[in-house]
Amino acid sequence: MIEFLIKLHPEIAIKSRSVRKRQTLLLERNLKTILLQVDPTVVVNNNFDHLTVRCDSDDEVLRQRLIDRLGCIPGVVAFAEMQSSAFSSLHDIFEQVLAVYASQLENKTFSVRVRRSGSHEFSSIEAERYIGGGLNQHVASAKVQLKKPDLVVTLEIKKELLIMVRKMHQGMGGFPLPSQSDVLSLISGGYDSAVASYLMIRKGLRTHYLFFNLGGAAHEAGVREMAFLIWQKYSLSHKVKFVSVNFAPVVDQILETIDNGLMGVVLKRMMMRAASEVADSLGIKAIVTGESIGQVSSQTVTNLNVIDRVTETLILRPLIYQDKQEIIDMARKIGAEDIAKSMPEYCGVISKKPTVNAVLAEVLANEQKFDFSVLQQAVQTAKVLDIRTVDYQAEQQAHVVSELAQLPPAAVVLDIRSPEETELKPLTVAGHEVVEMPFFRLASQFANLDQGKQYYCYCERGVMSRLQAVVLQEQGFSNVAVYRP
């Protein structure tokens with residue numbers, strides 16, 4: 001049997017009885033929704049102060065899949081992998097405990113805690129002393145320490161059954177979804193917006209995604225991949241929306257009408273205007289961004305103040321004090337780094353001398369020249385998708401795009417990695433021409449290549465190469481596939 005004991009987030013444990021009951025019910029429902037997709041025989045029990053997950057199987061693959069899933073469910077701060085077995089004597093209990101804990105006790109201090117119920121020839125304290133003494137003798141580098149030990153060996157002796165914690169696992173923490181209301185996260189596919197979205201999910205906020213498309217179909221394909229990854233890994237229990245707004249016409253208007261130094265601030269104000277309208281249409285009361293103080297010119301305190309004046313909708317910035325390296329480290333931890341580092345920066349407008357101290361009166365005067373019907377048109381034609389549709393489309397696309405490890409004789413390999421990656425790890429494929437073309441240039445430059453040849457896109461993970469091949473095929477190019485050595 002596979003069994004886990006779920007530890008609640010400490011902040012849930014200190015809530016009033018009614019709030020605590022509601023939170024545990026939410027977590028119970030989410031555990032069932034997600035884990036039953038892993039295995040339909042999973043049973044979740046709610047014991048008010050903790051939850052248990054059981055499955056009548058000893059399959060190691062299933063065990064690992066459940067561990068992976070439990071580690072990514074909001075509201076689970078930690079979970080203990082339990083082991084239940086029969087025993088014949090106190091010494092038999094000791095031997096079973098030794099088999100599980102011997103490797104874990106190396107070079108650590110420990111204590112033994114026993115909770116006993118039923119009729120036995122020994123008391124709980126006697127069991128603790130016997131088992132603790134035996135472990136101390138058999139693991140030379142371990143040492144008994146009753147106060148603040150490195151490891152607590154927790155056992156429950158229930159009549160003829162021994163229940164022990166086999167291993168503790170770290171959970172995601174936070175609050176179960178949806179403890180709070182919904183939010184709309186502005187996602188670009190980069191590090192900042194991915195981490196900001198994750199932090200909102202961890203707080204129990206059902207997080208929907210809004211994407212301002214500045215780079216065409218290729219940009220949207222990459223951002224969809226990122227949004228789907230975060231949703232599937234951390235908030236699979238609830239449906240969310242993915243909204244895409246074509247912002248290229250808005251950028252064109254800004255380039256034509258706005259003073260050079262104010263372009264970045266005005267672009268952000270236009271995004272906030274659009275985000276507010278989209279949020280309102282979805283009944284959402286708050287917007288989330290990945291902005292951090294001083295990271296770029298538009299993110300000074302003065303400029304953020306000017307940007308926020310454009311809307312009454314609450315704007316949440318969970319990364320506001322984080323350094324860039326801290327954000328990258330967190331992206332790596334949550335599994336978003338690979339996609340984020342392959343996404344190009346679509347700044348939309350690049351000022352030669354962007355202001356870091358925008359004056360609201362000057363910004364308003366500049367916006368008088370802007371044709372707001374362009375912004376309104378962009379919002380009205382926004383695409384609103386169920387996030388699950390993104391998965392469906394990806395599955396369909398996977399059947400359309402072929403992936404080869406062995407290339408036909410005349411094939412040309414398109415190395416679509418960034419210039420930094422190709423310089424660091426140049427690609428050579430014996431017997432084949434390799435053309436370096438960063439993926440953010442494919443849309444504009446692929447048509448200039450010899451269309452009589454067959455091209456195979458290559459990138460490190462295969463994610464971006466598949467997405468770009470799909471985009472090119474949708475544009476009518478049938479001579480594209482993916483190279484996966």
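This is a short tour of a structure, stop by stop, with a suggestion of what to select at each one. Keep in mind that the model you have open is a predicted one.

**Stop 1: strands 1, 2 and 3**

Start by selecting strand 3, residues 51-55. This strand is mostly covered, with four of its five residues buried. Now add its two partners, strand 1 (residues 2-8) and strand 2 (residues 43-46).

Strand 1 and strand 3 run antiparallel and are joined by five bridges. To see how they line up, show Ile2 and look across to Cys55, which stands opposite in strand 3. Strand 2 also runs antiparallel to strand 3, here with four bridges. On that side, Val44 stands opposite Val53 of strand 3.

Next, follow the chain from strand 2 into strand 3. The two form a hairpin with four residues between them. Pick out Phe48 in the turn, where phi is positive, at about 70°.

**Stop 2: a salt bridge on the same strands**

Keep strands 1 and 3 on screen and show the side chains of Arg54 and Glu3. They meet in a salt bridge, with N and O 2.9 Å apart. Arg54 belongs to strand 3 and Glu3 to strand 1, so this pair ties together parts that are 51 residues apart in sequence. Which of the two counts as partly exposed, at 29% relative accessibility? That is Arg54. Glu3 has a relative accessible area of 8%, and because the cut-off for buried is under 20%, Glu3 counts as buried.

This is one salt bridge out of a count of 21.

**Stop 3: helix 3 and a network of charges**

Move to helix 3, residues 60-70, and show Glu60 and Arg63. Their side chains form a salt bridge, and the closest N and O atoms are 2.3 Å apart. Arg63 and Glu60 are three residues apart in this helix, which means about one helical turn separates them. Arg63 is buried, at 13% relative accessible area, whereas Glu60 is partly exposed, at 45%.

**Stop 4: Glu291 and Lys268**

Select Glu291 and Lys268 together. Here the salt bridge has an N to O distance of 3.4 Å. Glu291 sits in the loop between strand 12 (286-288) and helix 10 (301-308), while Lys268 sits in helix 9 (residues 263-281), so the pair ties together parts that are 23 residues apart in sequence. Glu291 is buried, with a relative accessible area of 4%. Lys268 is buried too, with a value of 19%.

Before leaving the charged residues, go back to Glu60 and Arg63 and add Glu81 and Arg166. Salt bridges with shared partners join these four into one network.

**Stop 5: aromatic pairs**

Now turn to the rings. How many aromatic pairs does a search of the whole structure find? There are ten.

Begin with Tyr198 and Tyr234. Their ring centres are 4.9 Å apart and their planes are at 75°, so this is an edge-to-face pair. Tyr198 is in helix 6 (residues 191-202) and Tyr234 in helix 7 (residues 216-234), so the pair ties together parts 36 residues apart in sequence. Both tyrosines are buried.

Then select Phe446 and Phe477. Again the centres lie 4.9 Å apart, and with the planes at 80° the pair is edge-to-face. This time both partners come from loops: Phe446 from the one between helix 17 (442-445) and strand 18 (455-458), and Phe477 from the one between helix 18 (463-474) and strand 19 (480-483). The pair therefore ties together parts that are 31 residues apart in sequence. Phe446 and Phe477 are both buried. Add Tyr455 to the selection, and you have one aromatic cluster of Phe446, Tyr455 and Phe477.

**Stop 6: an enclosed space**

For the last stop, select Gly261, Gly264, Val265, Ser297, Ser298, Asn303, Pro354 and Thr355, which line the largest cavity. The space inside comes to about 30 Å³, and the count of cavities of 30 Å³ or more is one. What kinds of residue make up this lining? Colour them by type and you will find two nonpolar, six polar and no charged residues.

Terms used: Residues are numbered from 1 along each chain as its sequence is written. Side-chain values use heavy atoms; hydrogens and water are left out. On a 1 Å grid over the protein atoms alone, a cavity is a set of points where a 1.4 Å probe fits but cannot get out, and a pocket is an open set with protein on both sides within 12 Å along at least five of seven lines; lining residues have an atom within 4 Å of a point. Grid points are joined across faces, edges and corners, and a volume is the space filled by probe spheres set on the points. Ala, Val, Leu, Ile, Met, Phe, Trp, Tyr, Cys and Pro count as nonpolar, Asp, Glu, Lys and Arg as charged, and the others, Gly among them, as polar. Buried means under 20% relative accessible area, exposed over 50%, partly exposed in between (1.4 Å probe, protein chains only). Rings of Phe, Tyr and Trp (its six-membered ring) pair if their centres lie within 6.5 Å; planes under 30 degrees apart count as stacked, over 60 as edge-to-face and the rest as tilted. Two strands pair if DSSP finds at least two bridges between them.
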